Amino acid sequence: MHSIKVKSPATLSNLCCGFDILGMALNEPYDIIELIKKEESGILIKHKDSYQLPADPKVNISGVALQAMMDSLNYEQGFELVIDKKIKPGSGIGSSAASAAGVVVAANELLGKPFNKKQLISFAMEGEVLASGSRHADNLAPCIYGGLVLIRDTPSMDIIFLNIPPLFITIIHPQIEIKTSYAREILPKEISLKNAVTQWANVAGLVSGFMKNDYELIQRSLQDVIVEPVRSKLIPGFDDAKCKCLDAGALGGGISGSGPSLFMLSETEAIARLVENEMKSVYNQIGIDYKTYVTTVANNGVELIK
Ligand code: HSE
């Protein structure tokens with residue numbers, strides 16, 4: 001094989017109470033990444049989108065992830081990389097993870113699959129570190145594996161797959177910028193025992209709700225008493241939008257990843273569409289441009305395009 005094309009999905013991380021440990025792959029949107037072997041050494045990056053991301057592989061998320069993999073193989077030839085990003089950078093739905101994960105899965109295929117998925121996550125993590133300054137896999141793991149995953153321990157890549165009942169996910173991406181590194185910097189370094197107890201009870205409740213297809217338990221558990229109170233202040237209209245979405249029948253939701261996108265989970269597509277309308281009306285009123293998605297959980301992570 002000389003070249004390969006993959007689609008790399010957006011992902012929803014944290015899921016309210018599961019900061020840095022829960023994430024799910026989404027069917028929409030996704031990036032398209034083409035990787036072509038070349039004889040000469042080095043990584044040549046071309047962009048098909050208009051996001052003006054760097055072409056220098058040393059400061060490009062995909063370039064850094066691919067280089068980490070090439071270094072571990074002492075690979076001396078090079079690659080051309082053509083990136084068509086549909087997931088807007090800085091949206092909070094795993095744009096950087098899609099760039100990093102897509103390229104390492106593609107390269108692994110082209111090179112005859114020398115690495116397993118956990119190894120691929122660790123190469124991709126180098127790209128995620130460039131983007132956010134921290135090592136978390138709650139976007140990368142679902143992006144590579146698909147479905148809903150729990151990262152019980154990041155250094156040892158203890159990744160657990162969770163069942164999930166049918167769910168519709170509504171996302172609104174208000175067109176404001178929040179850097180993940182900043183959204184992490186402002187988080188408290190210490191938390192009260194009371195909040196810790198509430199948070200881990202909700203994580204356990206949410207995971208149990210997913211495993212038991214118990215929508216009411218999912219609804220009760222979609223709470224975040226630690227991160228959301230701090231980060232939501234960065235997102236105009238957050239409280240109003242959340243309140244209206246819950247009134248429209250959403251099970252619950254909050255900030256998608258580190259923001260600025262908001263997400264809501266719903267039991268039916270009809271409710272997810274009502275929720276979308278509520279989100280739109282809030283941002284129309286405030287006068288902030290936005291993009292919305294109504295989507296479902298992707299069972300597969302990065303996939304080859306034949
Ligand atoms: N879990 C991460 C965070 C996701 O909330 O900072 C963003 O990459």
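This note walks through a predicted model, point by point.

1. **Two domains.** Start with the overall layout. The domain assignment splits the chain into domain 1 (3-162 + 299-304) and domain 2 (168-296). Domain 1 is written as two stretches, 3-162 and 299-304. Taken over C-alpha atoms, the centres of the two domains are 24 Å apart. Their contact takes 28 residues from domain 1 and 34 residues from domain 2.

2. **The largest nonpolar core.** Which residues touch the most other members of this core? They are L35, V104 and I121, in a core of 71 residues. Helix α2 (residues 95-110) gives the largest share, 10 residues. Both domains take part: at least three residues come from each of domain 1 and domain 2.

3. **V104 up close.** Look at V104 in the model and set aside its neighbours within four places in sequence. Its contacts are then A65, L66, M69, L120, F123, A124 and I144. Residues A65, L66 and M69 fall within the range of α1 (61-73). Residues L120, F123 and A124 fall within the range of α3 (117-132).

4. **A second core.** There is also a separate core of 17 residues. Among its members are I178, A183, A241 and V275. One of them, A241, returns in the next point as a contact of L262.

5. **L262, buried or exposed?** L262 is found in strand β9 (residues 262-266). Its relative accessibility is 1%, so L262 counts as buried; the cut-off for buried is under 20%. Leaving out neighbours within four places in sequence, L262 is in contact with T170, I171, I172, I235, F238, A241, G254, S256, M279 and Y283. Sequence distance and spatial distance are separate things here. L262 and S13 are 249 residues apart in sequence, yet their C-alpha atoms are 11 Å apart in space.

6. **E76, a contrasting case.** E76 sits in the loop between α1 and β4 (78-84). E76 has a relative accessible area of 67%, so it is exposed; the cut-off for exposed is over 50%. Its C-alpha atom lies 48 Å from that of S208. Along the chain, E76 and S208 are 132 residues apart.

7. **The largest pocket.** Its volume is about 700 Å³. The lining has 40 residues, and I61, G90, S96, A131 and T180 lie nearest the centre. Four helices, α1 (61-73), α2, α3 (117-132) and α5 (180-185), each supply at least two lining residues. By class, the lining of this pocket has 12 nonpolar, 20 polar and eight charged residues. Each of domain 1 and domain 2 gives at least three residues to the lining.

8. **The largest cavity.** How many cavities of 30 Å³ or more does a search of the whole structure find? The search finds one. The largest cavity has a volume of about 60 Å³. Its lining is N14, C16, D224, V227, E228, R231, G254, I255 and G257. Both α8 (228-231) and β8 (252-255) supply at least two of these residues. By class, the lining of the cavity has three nonpolar, three polar and three charged residues. G254 also appears among the contacts of L262.

9. **Two cis peptide bonds.** Check the bonds leading into P29 and P260. The bond from E28 to P29 is cis, with omega near -10 degrees. P29 is placed in strand β2 (residues 22-38). The bond from G259 to P260 is also cis, with omega near 5 degrees. P260, however, lies in the loop between β8 and β9.

10. **Two positive phi angles.** N74 is not a glycine, but its phi is positive, about 50 degrees. N74 is in the loop between α1 and β4, which also holds E76. With a relative accessible area of 64%, N74 is exposed. N213, another residue other than glycine, has a positive phi near 55 degrees. N213 is in the loop between α6 (193-211) and α7 (215-221). At 45% relative accessibility, N213 counts as partly exposed.

Definitions and conventions. Residues numbered from 1 in each chain as written. Predicted model: local features only at pLDDT ≥ 70, side-chain atom pairs only at ≥ 80, totals over all residues. Heavy atoms only, no water. Core = buried A, V, L, I, M, F, W, Y, C linked by side-chain atoms within 4.5 Å. Buried < 20%, exposed > 50% of the residue type's maximum accessible area, 1.4 Å probe, protein only. Domains from an automatic or database assignment. Contact = heavy atoms within 4.5 Å. 1 Å grid on protein atoms, 1.4 Å probe; cavity = no way out; pocket = protein on both sides within 12 Å on 5 of 7 lines; lining within 4 Å. Points joined across faces, edges and corners; volume = space filled by probe spheres on them. Nonpolar A, V, L, I, M, F, W, Y, C, P; charged D, E, K, R; others polar.
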